[in-house]
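Work through these exercises with the sequence and the model side by side. Try each task before reading its solution.

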Amino acid sequence: MAETICPSVALLCISVLVCPVLRKARAPRFIFAPSQALILPRLLLVFFHLQLKAAAELMIIRVQSPEGVKRITATKRETVATFLKKVAKEFGFRNNGFSVYTNRNRTGEITASQNKSLNLLKIKHGDMLFLYPSSPAGSSSETMDTSVSQGLRPVGAPQVVEDDIDQYLIKQDGKIYRNRDQQLCRHGPLGKCVHCVPLEPFDEDYLNHLEPPVKHMSFHAYIRKLTGGADKGKFVALENISCKIKSGCEGHPPWPEGICTKCQPSAITLNRQKYRHVDNIMFENHTIADRFLDFWRKTGNQHLGYLYGRYTEHKDIPLGIRAEVAAIYEPPQIGTQNSLEILEDPKAEVVDEIAAKLGLRKVGWIFTDLVSEDTRKGTVRYSRNKDTYYLSAEECITAGNFQNQHPNICRLSPDGHFGSKFVTVVATGGPDNQVHFEGYQVSNQCMALVRDECLLPCRDAPELGYAKESSSEQYVPDVFYKDIDKFGNEITQLARPLPVEYLIIDITTTFPKDPVYTFSISQNPFPIENRDVLGETQDFHSLATYLSQNTSSVFLDIVSDFHLLLFLVTNEVMPLRDSISLLLEAVRTKNEELAQTWKKSEQWATIEQLCSTVGVQLPGLHEYGAVGGSTHAVSAAMWACQHCTFMNQPGTDHCEMCSLPRT
């Protein structure tokens, strides 16, 4: 009889009979017959029996995924389809974009079935199952390690495509492998101990013992440090610093009438940045730097240029990045012996477009700070050192502005970008009074101060910056830095003024032992743009002179010049912006056949005919007689002005554009 009693009814009876007694309250009087006195024990027995039976049915199953281990509650009689729905809900899958296996090596897949139960699959309490997201590419051996870092993305962060070098380094192991120590290791050749176990790429002791010591770990090593541990960096978010008041606060009038802790930016304490986005700068060959320095050698004025190259792996530092410089573009500027002024460049977008088609990008900027000391010996003054400064405050602000214009795409930032790979190179005198190239970046804190217009240079002290004070137009948070007083105590000071050493990150700048040439080198190279001060102009006369003096029989070597390609695209007489893609592809891939194909085009035939009008006979021009006519006919038909390169009609002695004489 007792076995047919509903558990809920039994529980109700127990609560009526037992609970008042437990509360020491005055229980109602019930009169039981002798046969009814056994109902209460039987009810208790049935209740506990049902509870034990239900508890025996419940079990907890562990499911391991690249995001971690989660515990799923299920029953033995539960169907596999119901269990997989719980797994999908727990891990946040909207569809069947995952697979669950009983073994780590992806064997024993559990498929959704309404007919099979977990008990039938012999899944017991405490068992470990393995979940793998469905991915179209990637090896299974990398899933549990590298896919963790690939999939990390803060909630609300935009979907971004990182640079190729970043995508490559994400997939690398990055660990520092060591050989077995003959003196300290006491194990066999297949064992590992603390003396030979692989080190993490962010190990500071290893970096400090390199030659020379590395003060800053690489950015990807820093990411590995953040994403390590048990949570695998699940809650990591690289926040960009903001020095502006947060908008949307309606509890008070806007600044300067009111401000609150919710919208007020936090104070900034400047610290040495532990990582750097670029670990090495390398010029492909000495010719690139020598041609840039020629301007200072001939004029004595300082000069500036933009570095175009690519980012590659720097193998000397774990997970390091190297900026390889293949060319230097010199924008319009005004330079003196002590100053530089960058002018607006109408060709900037075209230059970036041509560089991208050549497989290059703008990776930094370079400027000179050279003062001749002895012209007979060829020495320069050693002016930038620990007693003066390495970068002035004005140069730090300029570098921070450039870095803000070229942010580093990062998946771990809610803004989609964090820091910058844009580098700064200074050509200045070294300790041996020879020209040295020093590389730098400014910290992310400096970038934020520059972006929000909170940092100013000092007029009389180039090594000092100054944090602006709040005004009615702008609220500026307090900026502090830590220093050591005369008693050896660490003190915190307000950054008014501020030593710029707190903002600088130094980067080694090198030249390779075996030079690399993205572009060909000629004894009579094509003139560099924007050097009219030296009398070096880019026109069809200089192009004709370059082509006539170049004795190479390989057409690809002749046109593989960065400055020549820019002239062909940006000249005002016959710009080839829409028809030069094939030639740029030939230069990028070093394909002579593609270059020869473009050589036979009408565009190149017209270029040679224009060159012939300036009085310079080009070798091999007869090949294009069928396309553009004879040389003499072209010369007699039209002539190009030597001053403005305008093509004039025959029979005129003065240029129709500039009115200057023909000769």
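**Exercise 1.** Sort the lining of the second largest pocket by residue class.

*Solution.* The lining has 11 nonpolar, 8 polar and 7 charged residues. Here Ala, Val, Leu, Ile, Met, Phe, Trp, Tyr, Cys and Pro count as nonpolar, Asp, Glu, Lys and Arg as charged, and the others, Gly among them, as polar. A pocket is an open set of points on a 1 Å grid over the protein atoms alone, where a 1.4 Å probe fits, with protein on both sides within 12 Å along at least five of seven lines; lining residues have an atom within 4 Å of a point. N338, S339, S392, E394 and E395 lie nearest the centre of this pocket.

This is a predicted model: local features need pLDDT of at least 70, side-chain atom pairs count only at pLDDT 80 or more, and totals for chains, interfaces and linings use all residues. Residues are numbered from 1 along each chain as its sequence is written, and side-chain values use heavy atoms, without hydrogens and water.

**Exercise 2.** Find which residues of P256 and P497 follow a cis peptide bond, and give omega.

*Solution.* Take W255 to P256: the bond is cis, with omega near 15°. Next take R496 to P497: this bond is also cis, with omega near 5°. Most peptide bonds are trans.

**Exercise 3.** State the sign of phi at L319.

*Solution.* L319 is not a glycine, yet its phi is positive, about 55°. Most residues other than glycine have a negative phi.
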